[in-house]
Amino acid sequence: MAWSRTDVHSTHTGEALDDHLNRLNDAQQQSVTAPDGPVLVVAGAGSGKTRVLTTRVAWLLSEGHAMPGEILAFTFTNRAAREMKQRIAEAAGPGREPFWIGTFHATGLKILRTEGEAIGIKPGFSIFDTDDSKRLLKEVTSSLGLDSKQFNPSATRGAISRFKNDDQTPEAVLQAAAGYVDKKYAELYAGYEEALRRNNALDFDDLILRTVHLLEQNDEIRERYARRFRHVLVDEFQDTNPLQMVLVKLLSSWHGNLFAVGDDDQSIYSWRGARIENMVDFEQFFPGAAVFRLEQNYRSCGNILNAANQVIANNKRRKGKNLWTNDPAGDLLCEEEFVDEQDEAARVVDIVRQETAAGMSRGDVTVLYRTNAQSRALEDALRRGRLPYQIVGSLQFYERKEVRDLLAYLKLVANPADTVALQRVINTPRRQIGDTTVGRLLDLAARYELTPGEAAAETGVLEEELAPAAQRRVRAFFDLVTRWRSRASEGMPVPELLQAIVDDTKFESHLEQEDPTTAASRGENVAELVNAAAAFHEATDGGNLAQYLEQVALVSDPDTITDGQGTVRLMTIHTAKGLEFPVVILTGCEDDILPHINSAEDEAGLEEERRLFYVALTRAQKRVYLLHAGRRRRFGTWQEALPSRFLREVPDECIERRTLTTPQETSLWGHRPTGRGAGHRPRNRTAPPAVRPDQWGNRTAPAKTAANGPAESVDWQTDVDQSRSYYQGQVVTHSIFGSGVVARVEGAGDDMLVTVDFTESGRKHINPRFAPLVPLD
DNA sequence: CAGCCACTTGTTTTT
DNA sequence: CAAGTGGCTG
Ligand SMILES: Nc1ncnc2c1ncn2[C@@H]1O[C@H](COP(=O)(O)OP(=O)(O)OP(=O)(O)O)[C@@H](O)[C@H]1O
């Protein structure tokens, strides 16, 4: 059995490559076989960029231009890396797939694990994910005497991430700091770096930043790697950031063979530091670069491609390209309007049924959305409709509390210096070790420059600050940890270690005690985690704990897509980048969602939103549904919505538009009147209210006229004072956040939501029903 | 120290 | 609406 499989591959190696080459069009073939030197392939969606890059690798190997170990390829996700390895094995023969194919983060990590000590990184370091970073930052914030409500860890983490991606040190940030907030950010950044060092941890950005520093500062190591990588290839080049660009330059510096593919119309990560300029100005970065264009689309049928092309043509800042297809026009796109998100979700269920009746499988249908929050209503409907589905990405498995708790145990076992993990688990399950005890323990450890575990093992240290009972409990806890740690170092397989932790901590009864109603399902998650660890153990042939934790830290959303035709997949547009599906249902095609309200303010933001819409459309092969609702819950309050402006940019000849025209039709999809508090008047769907709630706020700049707004609120007698008197540009104060300027007013009455830009704390969403917002007039 | 309640804020997008 | 926080009580 094994024989025959090996045979098939090895005897067909050369022909397999020829096959692959022959199936490419001329432009693709020319790119694949381009001579040495810098090469850029610019091409639209579905034109075969990834395929070209993959075939290029196979070609380099087969032609003897490089050995497998001499090729370095960057992909956007681990999933893409895995697929690429598979395809290369098919084309170039098994065992010839390059070792160095991975994401920027995974590649940086691989280098740092072997070479990190050269820049003072201690072996055995942990990787802190976003949640770990935020927890650490929260400690740093309060240790600097700052209020973590004002300097909220999420925002600070974002700022620090930007600093790092611009290769700015804390000192440089401090130098450049203009005002109070900037100065504090610099201090937080410095404190955070120090805290990471004490925890022997690197965050996501460090995986690239520190690798760049390593290669810049150490000539020997740089030369060794740069000489090794005869060919460097980068997929999705339009979404690389400046730091990644530097890394690419360093690693390709010896041989100068860089092969990059990308599409400027699909750049959707500028908020994470990605720069389109890396691609647009490629020829300046790499003089003498050869540039290839691919224009034939092999993915989508005519109407879909036409729609996408027309929409993206509205972006001004682009080079423009001429993407065409040989495929027939196919079905029209379909726009459908609904009263609210529940009706929209009910229709998604209908569409899935319809498609499966027409011969598609559920797995052929993918539901896309702009924000993760939109998935909730969809999930409810799918569950009610008994359709199997998978939410790909955030809030899935690895973000559940019970899973994170157990992973924190493993992290602590792997890295005794990890105080974030320690604080997560030392009192979970309850061990009568409260905040005071933990605080003193950490203080002691810091004072003696020991890890907390060492401090507990030392005689006389705990005694300085802790009561005898507390000492006993703390020591008992670390006895457990030490026991696990020695088992791990004796080579106990990860799944067994994990099971030992579950057993020793009586984790199941802890779940039961915490909340009996959900204990069963959380118990299943625990079992699933053990299974996943077992799968890891198998797949990696006994991989160790550190490797397991790395793998978990670096999973990207698309990696988690399950195989199989039986489940409908739901994901954000960002997650769907680079993937393709027969049927795409794009939900929430509304202004303020797509384009998102926070991005529509400036032209650059709007254009990126349009690119998102473009990415969504171009995922589809056969059919596209564009759904939108007139009303949607946000923060538990109803918000009105208008159809996305991007829908109007889709030419009429390729789309069928089913919009609600009369109030009666509102019941078409089984809408139940959702009366809650001040009712919503039935609306004429072709003529939405002339004045939207968030607009009257804008228009009535002088405070007085605010009361002229639509009299929707039932009890405005009591409400009027607090809820009627906010308008854009108004200066208000808040008991915690200080003074700020009203940026937006949405909704009315109980549904009112005020967005305020506070001078010191940044942008916050305030519900005046609760919050003490005082106008400063 | 744990459990309970009341209060208030958050939702872009992710490696 | 959900989740985290902070305050209070036993
Ligand atoms: N020459 C070709 N003949 C037939 N099919 C092709 C050819 N080139 C590419 N394809 C197919 O077209 C689809 C899109 O290819 P690929 O994913 O490589 O495009 P891409 O440019 O990377 O897309 P995107 O930019 O949207 O990620 C794939 O299904 C691929 O198999």
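How many disulfides does the structure hold?

## Cysteines

The structure, which is a predicted model, holds zero disulfides. Cys-334 takes part in no disulfide, and the cysteine sulfur nearest to that of Cys-334 belongs to Cys-589, at a distance of 11 Å. Seen from the other side, Cys-589 is likewise in no disulfide, its nearest cysteine sulfur being that of Cys-334, 11 Å away. Because a disulfide is counted where a pair of cysteine sulfur atoms lies within 2.5 Å, the separation of 11 Å leaves Cys-334 and Cys-589 unpaired.

As for solvent exposure, Cys-334 has a relative accessible area of 5% and is buried, while Cys-589, at 0% relative accessibility, also counts as buried.

## A patch of negative charge

On the surface, a patch of negative charge is formed where Glu-15, Asp-18, Asp-19 and Glu-63 gather. Among them, Glu-63 is placed in the loop that runs between helix H4, residues 49–62, and strand S2, residues 71–74. The relative accessibility of Glu-63 is 48%, so this residue counts as partly exposed, given that the term exposed is kept for values over 50% and buried for values under 20%.

## Thr-755 in strand S20

Strand S20, which covers residues 753–758, contains Thr-755, and with a relative accessible area of 0% Thr-755 is buried. Although Thr-755 and Val-745 are 10 residues apart along the chain, their C-alpha atoms are separated by 6.4 Å.

Key:
Residues numbered from 1 in each chain as written. Chains lettered and ligands numbered in written order. Predicted model: local features only at pLDDT ≥ 70, side-chain atom pairs only at ≥ 80, totals over all residues. Heavy atoms only, no water. Patch = residues over 30% accessible without salt bridge, like charges linked within 9 Å, V, L, I, M, F, W, Y side chains within 5 Å. Areas by Shrake-Rupley, 256 points an atom, 1.4 Å probe, with all protein chains shown as cover. Salt bridge = Lys/Arg side-chain N within 4 Å of Asp/Glu carboxyl O. Lys, Arg positive; Asp, Glu negative; His and termini not counted. Charge placed at Lys NZ, Arg CZ, Asp CG, Glu CD. Helix = DSSP H or I, 4+ residues; strand = E, 2+ residues; numbered from the N terminus. Buried < 20%, exposed > 50% of the residue type's maximum accessible area, 1.4 Å probe, protein only.
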